[in-house]
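Trainee: I'd like to learn how to read a protein model. Could we go through one together?

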Amino acid sequence: MSTTLEACMGAVRSMAMSSSTDAITVLLLLAMSMTATPGSANATEAPRVLAQAASQAWPARVDTNPRGVSIEARASGGTAHLTGGCATALLSPGLWMTLFNPPGLPRVDGRRMTMNFAVTGGFGSQAFKARMRYEASGDSWPSEGPMPPDFLSAFEAGGLLTISDPTGRKLASFSLRGAEEATQLMRRVCGL
């Protein structure tokens, strides 16, 4: 092992004691890039995967069949979670979302509901509507179409995503930490 790599790994161990996740991520990426052989899968893939998985609320991964990107997050202080994805093979390109385990909604197979997705950030607040349909087989509410095109830009720049039912009752809130990187990956892979 090289002296530089040993120094980096020593720094990672000492930073682990201080719980500095961002610093650990940077040093781990540096260490991985030093051990990767140029042209190998590790030389380009390992740092990207580590950066996405290290400390984000919205980890993203590239899927190969069909080619696309998957994202997901857990609600702040609740049991709901939200997944999303884009794929190059879809006839309707865009970000498709699925809400799992929202509190208090009727679980009737095939029931449709328009949910409100409000994104809040430094720009203020933007609201988007999405038609969702309950699927009993997955105990989930997938969108019936992609999110509106403007949603992706708000999602990328926002700080908080709040989903509510048609009456305005809050179903779940999600931190958007890591959404910028996830959005950039979706734009690159899916051409959004």
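Mentor: Sure, let's start with rings. Rings of Phe, Tyr and Trp (its six-membered ring) pair if their centres lie within 6.5 Å; planes under 30 degrees apart count as stacked, over 60 as edge-to-face and the rest as tilted. In this predicted model, local features need pLDDT of at least 70 and side-chain atom pairs count only at pLDDT 80 or more, while totals for chains, interfaces and linings use all residues. Residues are numbered from 1 along each chain as its sequence is written, and side-chain values use heavy atoms, with hydrogens and water left out.

Trainee: How many aromatic pairs does a search of the whole structure find?

Mentor: Six. One of them is tilted: Y134 and W141, at 5.3 Å centre to centre with 55 degrees between the planes. There's also an aromatic cluster, made up of W58, F117, F128, F151, F155 and F174.

Trainee: Are Y134 and W141 buried or exposed?

Mentor: First the cut-offs: buried means under 20% relative accessible area, exposed over 50%, and partly exposed in between (1.4 Å probe, protein chains only). Y134 and W141 are both buried.

Trainee: What does pLDDT tell me?

Mentor: It's the predictor's confidence in each residue, from 0 to 100. Here the chain average is 75, and 70% of the residues score at least 70. Over residues 1-55, pLDDT stays under 50. Counting a contact as heavy atoms within 4.5 Å, the model has 42 contacts beyond four places in sequence for residues 1-55.

Trainee: Which elements have the lowest and highest mean pLDDT?

Mentor: Elements are helices (H or I, at least four residues) and strands (E, at least two), taken as DSSP runs and numbered from the N terminus. Helix α2 (residues 21-35) has the lowest mean, 32, and strand β7 (residues 140-142) has the highest, 97.

Trainee: And how do strands pair up?

Mentor: Strands of a sheet pair through backbone hydrogen bonds, either parallel or antiparallel. Two strands count as paired if DSSP finds at least two bridges between them. Take strand β1 (residues 60-64) and strand β2 (residues 67-74): they run antiparallel, joined by five bridges, and form a hairpin with two residues between them. Within that pairing, D63 stands opposite G68.

Trainee: What comes after β2?

Mentor: β2 joins β3 through seven antiparallel bridges, one of which partners R74 with H81. This is a hairpin too, with six residues between the strands, and G77 in the turn has a positive phi of about 65 degrees. β3 also runs antiparallel to strand β4 (residues 96-100), over five bridges, with T83 and T98 as bridge partners.

Trainee: How many of the residues of β3 are buried?

Mentor: Seven of seven. H81, T83, G85 and A87 are on one side, with L82, G84 and C86 on the other.

Trainee: What about the other sheet?

Mentor: That's an open sheet of four strands in the order β6-β5-β8-β9, with antiparallel pairing. Its edge strands, β6 (124-133) and β9 (170-175), each pair on one side only. Strand β5 (residues 112-121) and β6 share ten bridges, and T114 stands opposite R131 in β6.

Trainee: Which cysteines form a disulfide?

Mentor: A disulfide is a pair of cysteine sulfur atoms within 2.5 Å. C86 and C190 form one, with sulfur atoms 2.1 Å apart. The pair links distant parts of the chain, 104 residues apart: C86 lies in strand β3 (residues 81-87) and C190 in helix α5 (residues 179-190). Both C86 and C190 are buried.
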